[in-house]
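Colleague: Before the bench work is planned, I should like to go through the architecture of this protein with you. May I put some questions about its sheets, its pocket and its backbone?

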Amino acid sequence: MKDRDVLADISFHDTLVQAVFLERLNRFVLECELPSGTKEKVHLPDPGRLKDLLVPGGPIWLQESKDPKRKTRWSAVMTHDAVNDMYVSLNTQYPNRLVLEALQLEVLEELKGWRLEKAEYKVGGSRFDFLLTHKQNDEKLLLEVKSVTMVEAGMGKFPDAVTARGARHVEELTHLQMKGSYQAAVLFIAQRTDLRGITSAPEIDPHFARVMEEAARHGVRFFGRKCIVTPERISLSGSIPVYTEKD
């Protein structure tokens, strides 16, 4: 039985190893030092800037891959934000896994009345994270999930790097919403606990901020959830408001 504030979770079962972050070699590869003193190249699942999270000499938690064909033996899982005393997940795939479980359990209050139809649903040339169907009238809803790690004065900011793909997805959702083909929604998942809300980051990606504002104006819904992150597990937790640039 899960805690009532926990809607879904991923347990690491003591598989994480605490290492030291040394440097970022490129968007997807880090160099880290293991407890043995060995330096390893590590896969980073989050391509964002993460400039306030990846601090040389800081702790980072890694998980060993069981795939013998992988070029990197280890993957980065989480780090610790020393300024805010907060564990932060570095895996952008976890939000989708958590949301999938929550949709299967039908525990997301903001999507009450909708049931999961299909994950990775294709419309035209685009693929959206989830297709939902309304239980009463068979209306369809497309749901996109976005990962948030950056915080500024208690507000989560998205994105922390320019995301042409993210903007395109929101533009397509807006178009489908306006056509009446589908209902559309975006669910931001903060991979940390210390946020009071989520908004766009026009100082980083002004185009995405404009697209997000336009989407909200045409009826695309925006929701937010936070996560409880520890070296033992990451859990989907309470809702937090999302503010468009217009707000």
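Modeller: Certainly; two strands are paired here if DSSP finds at least two bridges between them, and strands (E, at least two residues) and helices (H or I, at least four) are DSSP runs numbered from the N terminus. The model is predicted: local features need pLDDT of at least 70 and side-chain atom pairs count only at pLDDT 80 or more, whereas totals for chains, interfaces and linings use all residues. Residues are numbered from 1 along each chain as its sequence is written, and side-chain values use heavy atoms, with hydrogens and water left out.

Colleague: Which strands stand at the edges of the open sheet of four strands?

Modeller: The order of this sheet is S11-S12-S14-S17, with mixed pairing. Two strands have a single partner each, so one side of each lacks a neighbour in the sheet. These edge strands are S11 (150–152) and S17 (242–243).

Colleague: In the same sheet, S14 and S17 are joined by two bridges; which residue of S17 stands opposite Thr 199?

Modeller: Strand S14 covers residues 197–200 and runs parallel to S17. Opposite Thr 199, in S17, stands Tyr 243.

Colleague: What is the order of the open sheet of seven strands?

Modeller: Its pairing is mixed, and its edge strands, S1 (8–11) and S8 (114–123), each pair on one side only. The order is S1-S16-S15-S13-S10-S9-S8.

Colleague: Which element gives the largest share of the lining of the largest pocket?

Modeller: A pocket is an open set of points on a 1 Å grid over the protein atoms alone, where a 1.4 Å probe fits, with protein on both sides within 12 Å along at least five of seven lines; lining residues have an atom within 4 Å of a point. The largest pocket is lined by 29 residues, and among those nearest its centre are Phe 158 and Arg 165. Elements giving two or more residues to this lining include H1 and helix H2 (164–179). The largest share, five residues, comes from S10.

Colleague: Which residue does a cis peptide bond join to Phe 158?

Modeller: Most peptide bonds are trans. Here omega is about -5°, and the partner, found in the loop between S12 and H2, is Pro 159.

Colleague: Is Ala 153 buried or exposed?

Modeller: Ala 153 lies in the loop between S11 and S12 and has a positive phi of about 55°. Buried means under 20% relative accessible area and exposed over 50%, with partly exposed in between (1.4 Å probe, protein chains only). At 66%, Ala 153 is exposed.
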